Amino acid sequence: MIKLLIKNHPLYSSAVIFGVLGALNTFLLFFFFYGMGIYPFSDYHFLEFLLVGLFIVLGMVYYRQIKGFFEFHFWQGLASGFLINLIISFVYAVFMYLFLSFAQPEFFKIHVKTMTEKWEGDKKQLLSLPNMTLESYTETLTAIGKTTPTDIALDEFIKKGMFGSVIFFAASVLLRRKIPLVVEEPKPSLNTKK
């Protein structure tokens, strides 16, 4: 049945397979850092983005192979990459929301506290920026204190979606292929006169 679904609907099946696998692996990396006592939103957070990019490209290559195209157009790459990216970002955001709301609400409190302390620690540097006033600094600090798990999940959805968009656009350009132009040579005639 799964083989039939993949054969009949290669775009959607490859997007679901690699989207869910990408989101699951990205969240497992987050959870690995959390389990090791490393703050998951630290400098290691970029590794999650690398996983997102990897699964987008793998999904696009898989789609190109199972479809059996002699041609793989730019729009086909965009379509498959967009769907994979959307599924990864959405599923990861749902995992993040469930983790912060129900599984580890105390970690969510630690995250808000860490962000507040970081913002307060960078006060001088932030206020030296040309667009930052004391009012906007105070408003942002207040907004950090009012952060909800939904806000963090939405933020992760947007960040991963934007990064993935760059990846699937570039991969669509690199993976496209056209049918090679084959010039047929004339066949020798069997009716040759001597």
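1. A good place to start is helix α8, where D155 and K159 sit four residues apart and are therefore separated by about one helical turn. Their side chains meet in a salt bridge, with N to O at 3.0 Å. D155 counts as partly exposed at 32% relative accessibility, and K159 is likewise partly exposed, with a relative accessible area of 37%. Please keep in mind that this is a predicted model.

2. The next pair along is also in helix α8: E156 and K160 are four residues apart, about one turn of the helix. They form a salt bridge whose closest N and O atoms are 2.6 Å apart. Here the setting is buried: E156 has 1% relative accessibility, and K160 has a relative accessible area of 0%.

3. K160 has another partner, E48, and the side chains of these two meet in a salt bridge at 3.1 Å, N to O. E48 lies in helix α3 (residues 46-67) and K160 in helix α8, so this contact ties together parts that are 112 residues apart in sequence. E48 is buried too, with a relative accessible area of 0%. Taken together, E48, E156 and K160 are linked in a network of salt bridges. The total for the protein comes to three salt bridges.

4. Now to the largest pocket, which holds about 410 Å³ of space. Which elements give two or more residues to its lining? They are α5 (105-121), α7 (134-145) and α8 (149-175). The largest share, six residues, comes from α5.

5. The lining of that pocket has 18 residues, and H111, M115, I152, D155 and K159 lie nearest its centre. Two of these, D155 and K159, will be familiar from the first point, as their side chains meet in a salt bridge. By class, the lining has eight nonpolar, five polar and five charged residues.

6. On the outside, have a look at F90, V94, Y97, L98 and F102, which make a nonpolar surface patch of about 490 Å². One of them, Y97, lies in helix α4 (residues 74-103). Is Y97 buried or partly exposed? Y97 is partly exposed, with a relative accessible area of 31%; a residue needs over 30% to be part of a patch, so Y97 qualifies.

7. Finally, the overall picture. The secondary structure comes to eight helices and zero strands, so from the N terminus on the elements run α-α-α-α-α-α-α-α. Of the 194 residues of the protein, 35% count as buried.

How values were computed: Residues numbered from 1 in each chain as written. Predicted model: local features only at pLDDT ≥ 70, side-chain atom pairs only at ≥ 80, totals over all residues. Heavy atoms only, no water. Patch = residues over 30% accessible without salt bridge, like charges linked within 9 Å, V, L, I, M, F, W, Y side chains within 5 Å. Areas by Shrake-Rupley, 256 points an atom, 1.4 Å probe, with all protein chains shown as cover. Salt bridge = Lys/Arg side-chain N within 4 Å of Asp/Glu carboxyl O. Buried < 20%, exposed > 50% of the residue type's maximum accessible area, 1.4 Å probe, protein only. 1 Å grid on protein atoms, 1.4 Å probe; cavity = no way out; pocket = protein on both sides within 12 Å on 5 of 7 lines; lining within 4 Å. Points joined across faces, edges and corners; volume = space filled by probe spheres on them. Nonpolar A, V, L, I, M, F, W, Y, C, P; charged D, E, K, R; others polar.
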